[in-house]
Amino acid sequence: MSLADYATTSTPIGPFTTVVDAEGAVLAAGWTTDAEGLRLLIHPTLRPAELRHREALGPITRAVETYHTGELHAIDDITVRQLSGPFLVHAWEVLRKIPAGSPVTYTAFADRSGRPEAVRAAANACARNAAALFVPCHRVFRTDGSLGGFRWGLEVKNWLLSHEQTHSA
């Protein structure tokens with residue numbers, strides 16, 4: 001893949017950049033303006049050689065904006081393309097099924113991913129997720145109730161969890 005598009009959207013918690021492939025699938029996303037940094041998070045076999053700036057990415061930009069205004073399901077049907085080993089790919093699919101407003105612990109996430117003993121592997125799936133928001137790793141926290149880590153900062157993670165709690169049905 002040689003070229004991918006990206007756009008940055010203003011959100012209440014800062015700029016959010018999304019990188020998409022030629023088919024419109026999200027390759028990487030996060031609360032940053034650093035599209036090149038996002039490009040480097042993409043698996044080498046999917047990583048574009050070049051990025052092209054766009055003002056908006058149609059339905060993807062609308063989903064980001066709508067999610068941040070309270071329509072939490074706006075992100076659910078956006079196509080995401082990530083590659084890694086079988087467990088990580090499966091774990092990312094499981095993350096997409098965790099309902100907004102119903103976060104789980106890393107232990108529960110490991111169990112849902114089919115490997116209850118693999119809590120560190122489940123945490124690694126969150127840490128290696130390049131498509132933040134669309135693969136909602138922010139919905140996983142530590143067993144002791146603390147937030148754990150988040151590539152985009154704990155302030156962003158806390159805002160997302162509060163936002164989802166407030167707007168979930």
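The questions and answers below go through a predicted model, from its sheet to a helix pair and its cysteines.

Biologist: From where are residues numbered, and what pLDDT do local features need?
Modeller: Residues are numbered from 1 along each chain as its sequence is written, and side-chain values use heavy atoms, with hydrogens and water left out. In this predicted model side-chain atom pairs count only at pLDDT 80 or more, totals for chains, interfaces and linings use all residues, and local features need pLDDT of at least 70.

Biologist: What is the order of the strands in the open sheet?
Modeller: Strands (E, at least two residues) and helices (H or I, at least four) are DSSP runs, numbered from the N terminus. Two strands pair if DSSP finds at least two bridges between them. The open sheet has 4 strands with mixed pairing, and the order is β3-β2-β1-β4.

Biologist: Which are the edge strands?
Modeller: An edge strand here pairs on one side only. From one strand to the next the twist averages 25 degrees. The edge strands are β3 (26–30) and β4 (50–53).

Biologist: Do β1 and β4 run parallel or antiparallel?
Modeller: Strand β1 covers residues 3–9, and 4 bridges join it to β4. One bridge partner of Asp 5 is Arg 52 in β4. The two strands run parallel.

Biologist: What is the bridge partner of Asp 5 in β2?
Modeller: Strand β2 (residues 16–20) is joined to β1 by 5 bridges, and the two run antiparallel. Tyr 6 has Val 19 as its bridge partner in β2. For Asp 5, the partner in β2 is Val 20.

Biologist: Which residue in the hairpin of β1 and β2 takes a positive phi?
Modeller: That hairpin has 6 residues between the strands. The phi in question is near 115 degrees, and the residue is Gly 14.

Biologist: In the hairpin of β2 and β3, which residue takes a positive phi?
Modeller: β2 and β3 pair in the antiparallel sense over 4 bridges, and Thr 18 stands opposite Ala 29 in β3. Their hairpin has 5 residues between the strands. The residue with positive phi, near 90 degrees, is Gly 24.

Biologist: How many residues of β2 are buried?
Modeller: Buried means under 20% relative accessible area, exposed means over 50%, and partly exposed lies in between (1.4 Å probe, protein chains only). Phe 16, Thr 18 and Val 20 point one way from β2, while Thr 17 and Val 19 point the other way, and all are buried. The strand is mostly covered, with a buried count of 5 of its 5 residues.

Biologist: Why is β1 described as largely enclosed by the rest of the structure?
Modeller: Thr 9 lies in strand β1, and its relative accessibility of 7% makes it buried. Leaving out residues up to four places away in sequence, Thr 9 touches Gly 14, Pro 15, Phe 16, Thr 61, Val 64 and Glu 65, where contact means heavy atoms within 4.5 Å. The strand is called largely enclosed because its buried residues number 5 of the 7.

Biologist: What is the relative accessibility of Thr 8?
Modeller: Thr 8 is also found in strand β1. Beyond four places in sequence, Thr 8 touches Pro 15, Phe 16, Thr 17, Thr 32 and Thr 33. Thr 8 counts as partly exposed, because its relative accessibility is 31%.

Biologist: How do the axes of α3 and α5 lie relative to each other?
Modeller: Axes are lines fitted to C-alpha atoms, for helices over the stretch in contact, and angles run from 0 to 180 degrees between N-to-C directions. The axes of α3 (residues 86–95) and α5 (residues 119–127) come within 9 Å and cross at roughly 75 degrees. Angles under 35 degrees count as roughly parallel, over 145 as roughly antiparallel, 65 to 115 as roughly perpendicular and the rest as oblique. Therefore α3 is roughly perpendicular to α5.

Biologist: How many disulfides does the model have?
Modeller: A disulfide is taken as a pair of cysteine sulfur atoms within 2.5 Å. The sulfur of Cys 126 has its closest cysteine sulfur in Cys 137, at 5.4 Å, which is too far for a bond. Cys 126 is buried at 8% relative accessibility, and Cys 137 is buried at 7%. By this rule the number of disulfides is 0.
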